Amino acid sequence: MSKKISIRVENLSKAYQLGQIGTGTISRDLERWYAKVRGKEDPFLRIGEANDRSTKGDSDIVWSLKDINFEIEQGDAVGIIGRNGAGKSTLLKILSKVTAPTSGKISGRGRIASLLEVGTGFHPELSGRENIFLNGAILGMRKKEIQRKLDEIVDFAGIERYLDTPVKRYSSGMYVRLAFAVAAHLESEILIVDEVLAVGDAEFQKKCLGKMSDVSKGEGRTVLFVSHNMGMVNHLCDSAIVLKNGVITSNATTSISINDYLKENNGKADNDLKLKLLTKKNDYGIILHSFEIKPHFLDSNDFLTNRDIEIVIQFELNMDVIGLRIGFEVVHAASETVIFRSYHDDEHKQHFKFNKKTVQLKTFIPSNFLSNDEYIIYPTIGIHNVKWLNYKEQRILLNMINLDGINSLYSDERPGLINPLFKWQLL
């Protein structure tokens with residue numbers, strides 16, 4: 001039996017006027033109004049341009065979305081991905097009926113609960129408890145239904161002590177905790193979540209991902225999820241829509257869409273993560289300048305498990321030091337378990353002769369070694385069996401993403417903190 005269509009979007013477009021409101025003259029405003037009355041296309045939208053922030057335009061009309069078409073079935077978890085300014089938030093606001101489209105139409109089945117930004121739908125003067133009932137009423141729920149869910153919402157948000165405090169006194173993290181708990185637990189058929197979850201801590205983000213997965217797969221509700229964290233999208237969503245300059249460039253399974261998105265941006269935005277290191281004064285005249293990791297994608301800490309990670313360390317050496325060890329430590333973010341350490345002198349056969357004052361060292365974490373999870377990498381420098389000169393003072397987060405699995409014939413999500421590939425032989 002085929003699934004029911006939960007959301008259908010047909011020829012959806014949204015145009016915005018740059019600068020002043022209106023066209024600038026009364027006659028043009030009247031011409032636009034008369035076209036609208038007759039059901040004709042706005043004459044000034046024909047010369048509108050795509051929403052590309054990197055280029056200078058000639059028109060005052062910008063299409064944030066242009067002729068968007070897609071269908072989402074009931075119970076699907078769908079990611080919406082794209083660079084800043086691609087039109088993701090505009091699309092969600094139209095679906096949530098916060099703003100109206102310029103043209104086209106949307107149709108859906110059921111109530112929509114949306115979490116588009118911190119404090120969406122909350123009244124700052126009301127308490128947390130009162131806002132829960134207010135949100136439920138907006139969704140069309142009865143007081144008894146909301147009361148039945150109240151304890152579950154409060155427990156999930158972890159704000160029982162502040163439940164009767166006006167939400168204007170909440171921190172942004174508390175706001176998000178309560179807002180997500182309300183949106184996820186009240187009985188809406190469609191849950192829309194923008195990248196607001198980035199405000200929460202790592203533990204709460206994982207809790208939210210688990211709840212959204214339960215909502216989609218367990219309760220058969222539809223989830224639309226926007227995030228720049230490709231790992232989160234890949235973990236939660238079955239399919240994803242890629243937006244670029246207001247148009248859909250990919251609408252496929254999550255791994256295919258993320259691959260398309262990364263390939264499209266690889267040449268322009270494949271940047272490096274670089275720490276400028278702070279080294280305390282020491283008796284050895286050693287100064288760490290930088291610790292660089294590449295490649296990562298866009299402005300995130302996302303790395304693909306099937307690509308080598310290159311690490312470059314630059315430091316200054318003012319004298320010969322016996323027992324010098326330059327390297328890094330990789331730690332599992334959630335459990336704080338040390339996965340491994342690596343030092344420049346691990347291979348005793350290889351002796352480095354530092355002839356220059358400023359030195360650069362390079363190494364690689366091999367592909368398919370770290371599993372799809374979050375890790376922290378710490379630069380380290382020390383004198384062997386004597387003292388640390390720099391240890392766990394600065395760090396970089398690695399969010400490893402496994403898109404296709406090692407064996408493309410089936411899903412290959414393996415347990416474990418590392419994911420090494422051993423060589424097998426037939427004897």
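This report describes the overall make-up of a predicted protein model, followed by its nonpolar cores, one helix and one strand with its partners.

## Overall composition

The protein contains eight helices and 20 strands. Of its 427 residues, 46% are buried. The accessible surface amounts to about 23,500 Å², and carbon and sulfur atoms contribute 49% of that area.

Among contacts in the protein with a separation of 6 or more, 69% are between residues 24 or more positions apart.

## Nonpolar cores

The largest nonpolar core comprises 50 residues. Ile-132, Leu-178, Phe-180, Leu-191, Met-212, Val-223 and Phe-225 have the most contacts inside this core. Helix α5, spanning residues 172-185, supplies the largest share of the core, with ten residues. Another core, of 28 residues, lies apart from it; Ile-293, Ile-309, Phe-328 and Leu-398 are among its members.

## Helix α4

Helix α4 covers residues 143-157, 15 residues in all. From its first C-alpha to its last, α4 reaches 20 Å, close to the 21 Å expected at 1.5 Å a residue. The helix nevertheless has a kink of about 40°, centred on Lys-149. Lys-149 is also one of the buried residues of α4. Just after the helix, Gly-158 adopts a positive phi of about 65°.

The other buried positions in α4 are Glu-145, Ile-146, Leu-150, Ile-153, Val-154, Phe-156 and Ala-157. An α-helix has 3.6 residues a turn, so residues three or four places apart point the same way. Ile-146, Lys-149, Leu-150, Ile-153, Val-154 and Ala-157, all buried, can be read against that periodicity.

## Strand β15 and its partners

Strand β15, residues 324-332, is mostly covered, with nine of its nine residues buried. In a regular strand the side chains alternate between the two faces of the sheet. On one side of β15 are Leu-324, Ile-326, Phe-328, Val-330 and His-332, and on the other Arg-325, Gly-327, Glu-329 and Val-331; both faces are covered. Phe-328 also belongs to the 28-residue core.

Strand β15 pairs with two strands named here. With β18 (residues 374-383) the pairing is antiparallel and extends over nine bridges; within it, Gly-327 stands opposite Thr-380. With β16 (residues 338-343) there are five bridges, and the strands again run antiparallel. Val-330 of β15 has Phe-340 as its bridge partner in β16. The hairpin formed by β15 and β16 has five residues between the strands, and Glu-336 in this hairpin takes a positive phi near 60°.

Notes. Residues numbered from 1 in each chain as written. Predicted model: local features only at pLDDT ≥ 70, side-chain atom pairs only at ≥ 80, totals over all residues. Heavy atoms only, no water. Helix = DSSP H or I, 4+ residues; strand = E, 2+ residues; numbered from the N terminus. Expected span 1.5 Å × (residues − 1). Bend = angle between axes of the 7 residues up to and from the residue. Buried < 20%, exposed > 50% of the residue type's maximum accessible area, 1.4 Å probe, protein only. Contact = heavy atoms within 4.5 Å. Areas by Shrake-Rupley, 256 points an atom, 1.4 Å probe, with all protein chains shown as cover. Core = buried A, V, L, I, M, F, W, Y, C linked by side-chain atoms within 4.5 Å. Pairing = 2+ DSSP bridges.
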